[in-house]
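Visitor: Could you walk me through this model with me asking as we go? I'd like to begin with one loop residue and then move outwards.

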Amino acid sequence: MILTIHVLVCGDAALPESLSTLPCTPVPAVPAKPDFDALLPALDDTDARLVVVGDDGALAATVTRLMRGERLHVEVAYVAAERTPVTRLYGLPVGARAARLAVTGAVSPLPLIRDDSGTALVGEATITGPDGGPLVGEAYADSERVFSGEIPALRVAPTPALPGVRASAGRRLLRTHWLPARAVQLGAVGAVVTRDGVTTPRALKRCSFYRDDRSWLLVR
């Protein structure tokens, strides 16, 4: 079956010239369910690839919609204008090189990481206290304690291989001590989560990130 490639142009992201001849759909910077409702059913009977032109939040929203709609067989390519946590994590090019890879590259299955709201995490989450203040609480990576007490921020990120997710209570240093796990769980006085650049509208008492039993397909 011939591969069907469709491009999502998210927000004000510039469409690379090499993708301009492909079917394109303009969507908000962080697309929501209505933005996918007409597109995804049309891809069900094909070998499909979605090219996301935007930022990490747009990619996470796309993977989230594929996950919730039971369409993780759809391949996903990512074209970012500059380096992001996702491009660094998976060794992806940016700009024109990313656009070329989006069409010609092969896919790799990756652990699917989600939170307890059913939202995918593709790059990195940073969790602080309210108004960016210290985070007060306790977190575990599987059975190993990440921190207890007060820290500036908790970082959570997927891993390209199993166990699937990792957490760090350290600051952004040249060397960060990560604890790998299948799940990361946090209880806090108040936790504000910025997931792939998108911040939750209110503080939470609890949140968790964990590996789903499914994978998603990224062009690498």
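Visitor: Is Asp-196 buried or exposed?

Guide: With a relative accessibility of 6%, Asp-196 counts as buried, where buried means under 20% relative accessible area, exposed means over 50%, and partly exposed lies in between, using a 1.4 Å probe and protein chains only. This is a predicted model, in which local features need pLDDT of at least 70 and side-chain atom pairs count only at pLDDT 80 or more, while totals for chains, interfaces and linings use all residues. Residues are numbered from 1 along each chain as its sequence is written, and side-chain values use heavy atoms, with hydrogens and water left out.

Visitor: And where is Asp-196 found?

Guide: Asp-196 lies in the loop between strand S12 (183-195) and strand S13 (198-199); helices (H or I, at least four residues) and strands (E, at least two) are DSSP runs numbered from the N terminus. Its backbone has a positive phi of about 50°, although Asp-196 is not a glycine.

Visitor: What is phi of Asp-142 near?

Guide: Phi of Asp-142 is near 55°, which is again a positive value in a residue other than glycine. Asp-142 sits in the loop between strand S7 (135-141) and S8, and with a relative accessible area of 41% this residue is partly exposed.

Visitor: Which peptide bond is cis?

Guide: The bond from Leu-162 to Pro-163 is cis, with omega near 20°, and Pro-163 is placed in the loop between S9 and strand S10 (165-168).

Visitor: Switching to the interior, which residues of the largest nonpolar core touch the most other members?

Guide: That core has 31 residues, and the ones touching the most other members are Leu-50, Leu-59, Tyr-90 and Trp-216. A nonpolar core here is a set of buried Ala, Val, Leu, Ile, Met, Phe, Trp, Tyr and Cys residues joined through side-chain atoms within 4.5 Å. Among the elements that each supply at least two residues of this core are strand S1 (3-10), strand S3 (47-53), helix H3 (56-68) and strand S14 (204-219), and H3 gives the most, with six residues.

Visitor: What does Leu-50 touch?

Guide: Not counting residues up to four places away in sequence, Leu-50 touches a set including His-6, Leu-8, Leu-39, Thr-62, Leu-66 and Val-76, where contact means heavy atoms within 4.5 Å.

Visitor: What about a second core?

Guide: A separate core of 23 residues includes Val-146, Leu-154, Val-193 and Phe-209. As background, nonpolar side chains tend to be buried together in soluble globular proteins.

Visitor: Zooming out, how many helices and strands are there?

Guide: The protein chain has five helices and 14 strands. Its radius of gyration is 17 Å, close to the 17 Å that the globule rule gives for 220 residues, so the chain is as compact as a globular protein of that length; the radius is taken over C-alpha atoms, and the rule is 2.2 Å times the number of residues to the power 0.38. Along its principal axes the C-alpha trace spans about 55 × 30 × 30 Å, and 50% of the 220 residues count as buried.

Visitor: How far apart are Ile-2 and Val-165?

Guide: Ile-2 and Val-165 are 163 residues apart in sequence and 34 Å apart in space, C-alpha to C-alpha. Ile-2 belongs to the segment before S1 and counts as exposed, at 74% relative accessibility.
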